[in-house]
Amino acid sequence: MTTRRDFLGYSAAAALAAAAPLGARADEPRQMMTRAIPGTGEALAVVGLGNAKPFGAGDSALTGQLLDILLQRGGGFVDTSGRGRFTVGQLMREKQAHEQLFLGTNVAGGTPQALRAEIEAIRQAQGGGALDLVFSREPSDLLARSDEYQKLKQDGLTRYVGVARSNEQFYPPIMELMRAGAVDFIQINYSMLEPGAADEILPLAQEQNVAVIINRPFVNGRYFPRVSGHELPEWAAEFDCTSWAQFSLKFILAHPAVNCVITETANPRHAIDNLGAGSGRLPDEATRRRMQNLIQEMA
Ligand SMILES: NC(=O)c1ccc[n+]([C@@H]2O[C@H](COP(=O)([O-])OP(=O)(O)OC[C@H]3O[C@@H](n4cnc5c(N)ncnc54)[C@H](OP(=O)(O)O)[C@@H]3O)[C@@H](O)[C@H]2O)c1
């Protein structure tokens with residue numbers, strides 16, 4: 001089985017074959033940055049995959065290609081929900097990539113029995129063992145049932161518990177969860193076009209030692225029409241940025257509260273581009289302000 005420590009050695013022939021036609025050089029070193037999960041110190045690679053449409057469609061060929069690209073580049077985090085949890089879980093088992101991959105599993109919840117049955121079915125798909133991270137989408141429900149979710153950890157069913165949302169209206173109950181010590185992870189939206197999380201919730205995550213996964217880095221695609229037709233500024237090279245996608249991702253990753261940013265894509269070329277944001281330099285605060293001004297001027 002591949003271990004997390006061994007992951008740079010993962011670049012198996014299949015992974016290289018999958019990525020090579022898309023422009024990757026087999027001998028090119030691709031060291032993705034990692035950040036420690038507060039509380040445990042476990043290293044997590046900084047760019048991951050969102051729950052892409054091929055996962056939910058059960059498209060094992062394309063999902064497998066996306067996972068190979070992630071693995072080859074030293075990535076780890078994959079967000080999964082619905083049927084995608086089974087598509088990705090089964091592929092993780094087939095690739096024996098449990099140690100490198102770190103799956104966020106969104107659960108529907110329901111009664112305590114239904115929650116455990118749901119988790120059990122996903123564990124079976126993955127080949128047993130604890131899930132990495134169970135996400136609830138219902139902050140108030142999670143707060144009310146905090147003991148039940150913590151017991152999942154004690155019983156070895158999941159290693160971490162978190163809450164996942166993508167809208168500012170959920171920040172207050174998510175902050176309540178963090179203050180109550182009920183979550184190890186939060187997943188929220190943050191980007192140059194949706195910068196509100198920087199006001200309160202990201203600083204609170206740092207204060208409370210909660211790990212942060214960022215979603216909607218491209219506002220579900222609406223970022224791209226905004227930058228379309230504009231040249232990437234020359235100064236983007238100062239922080240090793242080679243595309244507009246990386247421009248957004250590196251802005252996000254430069255926030256000190258952020259552990260990992262996830263992007264949704266069904267396009268392997270886009271996945272390669274996005275994962276490239278996880279290596280090289282990041283913008284400093286002054287540069288981040290310049291980036292934000294530039295994007296605002298494009299409105
Ligand atoms: N729990 C929640 O409430 C919640 C809510 C929203 C999102 N999420 C999570 O967050 C993930 C990402 O957020 P999101 O769904 O808002 O998507 P996003 O990553 O902000 O945007 C996805 C869109 O950008 C395009 N794209 C991606 N990379 C690109 C690139 N390099 N160049 C050009 N276009 C690119 C994709 O099209 P292509 O497929 O053509 O690349 C897609 O249309 C989701 O997959 C999900 O896991 C969670």
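**Exercise 1. Determine which secondary-structure elements each supply at least two residues of the shell around the ligand in this predicted model, and how the shell divides by class.**

Step 1. Strand β10 (260-263) and helix α12 (268-275) are the elements that each supply at least two residues of the shell, and the largest share, three residues, comes from α12.

Step 2. Taken as a whole, the ligand is surrounded by 26 residues, of which the closest are Gly 50, Ser 166, Asn 215, Gly 221 and Glu 264.

Step 3. Sorted by class, the shell contains 12 polar residues, eight nonpolar ones and six charged ones.

**Exercise 2. Establish whether strand β8 (residues 185-189) is enclosed or open, and explain why.**

Step 1. Counting along the strand, five of the five residues of β8 are buried, and therefore the strand is largely enclosed by the rest of the structure.

Step 2. In a regular strand the side chains alternate between the two faces of the sheet, so each face deserves its own check.

Step 3. On one side of β8 lie Phe 185, Gln 187 and Asn 189, on the other Ile 186 and Ile 188, and with all of these buried, both faces are covered.

**Exercise 3. Identify the strands that pair with β8, and give the handedness of the connections.**

Step 1. Strand β7 (residues 158-164) pairs with β8 in the parallel sense over three bridges, with Ile 186 of β8 as the bridge partner of Val 163; the chain passes from β7 to β8 through helix α8 (residues 171-179) in a right-handed β-α-β crossover.

Step 2. Strand β9 (residues 211-215) runs parallel to β8 and is joined to it by five bridges, and here Gln 187 has Ile 213 of β9 as its bridge partner.

Step 3. Together with helix α9 (residues 201-207), β8 and β9 form a β-α-β unit that is right-handed.

Conventions:
Residues are numbered from 1 along each chain as its sequence is written. This is a predicted model: local features need pLDDT of at least 70, side-chain atom pairs count only at pLDDT 80 or more; totals for chains, interfaces and linings use all residues. A residue is near a molecule or strand if its C-beta atom, placed from the backbone, lies within 6 Å of it. Helices (H or I, at least four residues) and strands (E, at least two) are DSSP runs, numbered from the N terminus. Ala, Val, Leu, Ile, Met, Phe, Trp, Tyr, Cys and Pro count as nonpolar, Asp, Glu, Lys and Arg as charged, and the others, Gly among them, as polar. A residue is buried if 20 or more other C-beta atoms lie within 10 Å of its own, exposed if 12 or fewer, and partly exposed in between; C-beta atoms are placed from the backbone. Two strands pair if DSSP finds at least two bridges between them. A crossover is right-handed if, with the strands pointing away from the viewer, the path from the first strand over the helix to the second runs clockwise.
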